[in-house]
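Let's take a friendly walk through this fold, starting with charged side chains and moving on to rings and strands. Keep the viewer open as you read.

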Amino acid sequence: YSPKFSKLPAPKDIFPNISAICSRGDTFFLCLDNGAGKLYQDVIATFPLHEALTPTGFSCVEADSENVWFGSSVGLFKLQGETLISEKPPDLDFGWVQALKSRKEDLLIGGSKGLFSFDKKQWKSILPGFEAVFLWLSLQQALPSETVSSQIQAFLCLKALVHIIFTILKG
């Protein structure tokens with residue numbers, strides 16, 4: 001077997017630096033420097049933004065059973081039809097969303113301001129602070145993708161450890 005590679009033409013308004021990709025059926029969802037879009041039958045089409053936001057980059061994409069989610073420099077977006085809708089829960093600021101992982105019961109969001117979850121009803125802050133993204137990415141690389149539950153257990157252990165350390169230091 002010899003793989004065949006071919007370069008796909010990009011529309012004029014798209015910078016083809018692709019930072020993330022995921023699929024659902026025959027459709028591939030892409031994160032690009034200046035937008036997010038889809039690749040279907042070798043054609044790239046970008047999604048318009050519902051709000052007047054100007055992300056400087058899109059960094060991650062995740063398709064769960066119901067939605068397609070995109071992380072960007074200005075937060076989290078959900079694909080609704082062919083339009084990206086900003087998801088801004090009250091009292092939470094994700095920062096630049098750099099990691100997304102769907103599980104059966106929820107979506108995990110790793111941003112520059114912490115680790116968060118959404119269970120289709122409630123948004124939660126799991127691990128506040130910018131350190132969460134770096135810990136999340138490190139654990140993702142260190143553990144196989146089949147051990148997501150182990151990653152969460154590791155995060156909870158780290159969260160407990162950080163809490164204990166701060167409690168001791170406060171003295």
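In this predicted model, the count of salt bridges comes to 5. Side chains of opposite charge can pair when their charged atoms come close. A good one to pick out is the pair of Lys 113 and Asp 93, whose side chains meet with N and O 2.7 Å apart. Where do Lys 113 and Asp 93 lie? Lys 113 sits in the loop between β10 (107-111) and β11 (114-118), while Asp 93 belongs to the loop between β8 (83-87) and β9 (97-102), so this salt bridge ties together parts that are 20 residues apart in sequence. Lys 113 is partly exposed, at 42% relative accessible area, and Asp 93 is also partly exposed, at 43%.

Now move to Arg 103, which has two acidic partners to look at. With Glu 105 the salt bridge is 3.6 Å from N to O, and with Asp 106 the closest N and O atoms are 2.8 Å apart. How buried or exposed are these side chains? Arg 103 is partly exposed, with a relative accessible area of 23%, and Glu 105 is partly exposed at 48%. Asp 106, by contrast, is buried, because its 10% relative accessible area falls under the 20% cut-off. Through shared partners, the salt bridges join Arg 103, Glu 105 and Asp 106 into one network.

Aromatic rings come next. Across the whole structure there are 8 aromatic pairs. One of them brings together Trp 69 and Phe 118: the ring centres are 6.1 Å apart and the planes stand at 70 degrees, so the pair is edge-to-face. Trp 69 lies in strand β6 (residues 68-72) and Phe 118 in strand β11, so the contact ties together parts that are 49 residues apart in sequence. Trp 69 is buried at 2% relative accessible area, and Phe 118 is buried at 14%. Phe 118 has a further ring partner in Trp 123; here the centres are 4.0 Å apart and the planes differ by 20 degrees, so the pair is stacked. Elsewhere among the aromatic residues, ring pairs link Phe 29, Phe 47, Phe 58, Phe 70 and Phe 77 into a cluster.

For nonpolar side chains on the surface, look at Ile 18, Ile 21 and Phe 28. These three form a patch with about 260 Å² of accessible area together. Ile 21 is found in strand β1 (residues 18-24).

Let's turn to the strands. Which strands form the open sheet, and in what order? The sheet has 4 strands, arranged as β5-β6-β7-β8, with antiparallel pairing. The edges are taken by β5 (58-63) and β8, each of which has a single partner strand, so one side of each is left without a neighbour in the sheet. Neighbouring strands here are turned against each other by 30 degrees on average, direction ignored. Between β5 and β6, the antiparallel pairing runs over 5 bridges. Trp 69, the β6 residue from the edge-to-face ring pair, turns up again here, standing opposite Glu 62.

The last stop is β10, the strand that ends before the loop holding Lys 113. How many of the residues of β10 are buried? The strand is mostly covered, with 5 of its 5 residues buried. In a regular strand the side chains alternate between the two faces of the sheet. In β10, Leu 107, Ile 109 and Gly 111 point one way, Leu 108 and Gly 110 point the other way, and all are buried.

You can follow the pairing of β10 with two partner strands. With β9, the pairing is antiparallel over 5 bridges, and a hairpin of 4 residues joins β9 to β10. Within this pairing, Ala 99 has Gly 110 as its bridge partner. With β11, β10 also pairs in the antiparallel sense over 5 bridges, and a hairpin joins β10 to β11 through 2 residues. Here Leu 108 has Ser 117 of β11 as its bridge partner. Strand β11 also holds Phe 118, which brings you back to the ring pair with Trp 69.

Methods. Residues are numbered from 1 along each chain as its sequence is written. This is a predicted model: local features need pLDDT of at least 70, side-chain atom pairs count only at pLDDT 80 or more; totals for chains, interfaces and linings use all residues. Side-chain values use heavy atoms; hydrogens and water are left out. A salt bridge is a side-chain nitrogen of Lys or Arg within 4 Å of a carboxyl oxygen of Asp or Glu. Buried means under 20% relative accessible area, exposed over 50%, partly exposed in between (1.4 Å probe, protein chains only). Rings of Phe, Tyr and Trp (its six-membered ring) pair if their centres lie within 6.5 Å; planes under 30 degrees apart count as stacked, over 60 as edge-to-face and the rest as tilted. Patches are made of residues with over 30% relative accessible area and no salt bridge: like charges are joined within 9 Å, nonpolar side chains (Val, Leu, Ile, Met, Phe, Trp, Tyr) within 5 Å. Accessible areas come from the Shrake-Rupley method with a 1.4 Å probe; for residues, only the protein chains shown count as cover. Two strands pair if DSSP finds at least two bridges between them. Axes are lines fitted to C-alpha atoms, for helices over the stretch in contact, and angles run from 0 to 180 degrees between N-to-C directions.
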